[in-house]
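Q: I am new to this structure and would like a close look at one part of it. Please start with a landmark and then walk me slowly through the neighbourhood you choose.

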Amino acid sequence: MSDKEYTEQEEIFSQVLRAGRRTYFFDVRSTKAGDYYLTVTESKKFTHDDGSFHYKKHKIYLYKEDFNEFNEMLVKATDFIINEKGEEVISERHQKDYQKPSSEVGVEEENKSTTSFTDVSFDDI
């Protein structure tokens, strides 16, 4: 069997989840023995000051003998997070009233205004 034939046979099924700067790839592949396993790849885009960019990728390999335990632990962990913190995303970037901490005393007072308005960034939309 040629390398090209093996490469075409290796990837059996694929799904892509795009999530902001991150993309997750779920790929079913074939071992040399003809059994299947799963790779989960996280690809994250990083942009440099000059506008160029690169991707960092992290990959895990998950084999059939670990599917049940892995799935159980994933469900328990995600259920725990949802039960403890709910489904709403909580982060500094998403808080409407978030202000960056300042190291200078008195700067916080300068940032306060008598005019009420909402500062919205396009990243927040």
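**From a helix to a pair of strands**

A: Let's use helix H2 as the landmark: residues 67-85 make up its 19 residues, and from first C-alpha to last it reaches 27 Å, close to the 27 Å expected at 1.5 Å a residue. That expected span is 1.5 Å times one less than the number of residues. Helices (H or I, at least four residues) and strands (E, at least two) are DSSP runs, numbered from the N terminus. After H2 comes Gly86, whose phi is positive, near 75°.

Please keep in mind that this is a predicted model, where local features need pLDDT of at least 70 and side-chain atom pairs count only at pLDDT 80 or more, while totals for chains, interfaces and linings use all residues. Residues are numbered from 1 along each chain as its sequence is written, and side-chain values use heavy atoms, leaving out hydrogens and water.

Now for the strands. Rings of Phe, Tyr and Trp (its six-membered ring) pair if their centres lie within 6.5 Å; planes under 30 degrees apart are stacked, over 60 edge-to-face, and the rest tilted. By this rule there are three aromatic pairs. In one of them, the ring centres of Tyr37 and Tyr61 are 6.2 Å apart and the planes are at 35°, so this pair is tilted. Tyr37 belongs to strand S3 (residues 36-47) and Tyr61 to strand S4, so the pair ties together parts 24 residues apart in sequence. Together with Tyr63, these two tyrosines form one aromatic cluster.

How covered are they? Buried means under 20% relative accessible area, exposed over 50%, and partly exposed in between (1.4 Å probe, protein chains only). Tyr37 is buried at 12%, whereas Tyr61 is partly exposed at 47%. Thr39, also placed in S3, is buried with 0% relative accessibility. Contact means heavy atoms within 4.5 Å; leaving aside neighbours within four places in sequence, the contacts of Thr39 include Phe25, Lys59 and Tyr61.

Our last stop is Lys56, found in strand S4 (residues 53-63) and partly exposed, at 43%. Beyond its neighbours within four places in sequence, Lys56 is in contact with Glu42, Ser43, Lys44 and Phe46. The C-alpha atoms of Lys56 and Glu42, 14 residues apart along the chain, are separated by 8.0 Å. A charge sits over a ring if NZ of Lys or CZ of Arg is within 6 Å of the ring centre and within 35 degrees of the ring normal. The charged end of Lys56 sits this way over Phe46, 5.1 Å from the ring centre, and that of Lys45 sits over Phe53, 4.2 Å from the ring centre.
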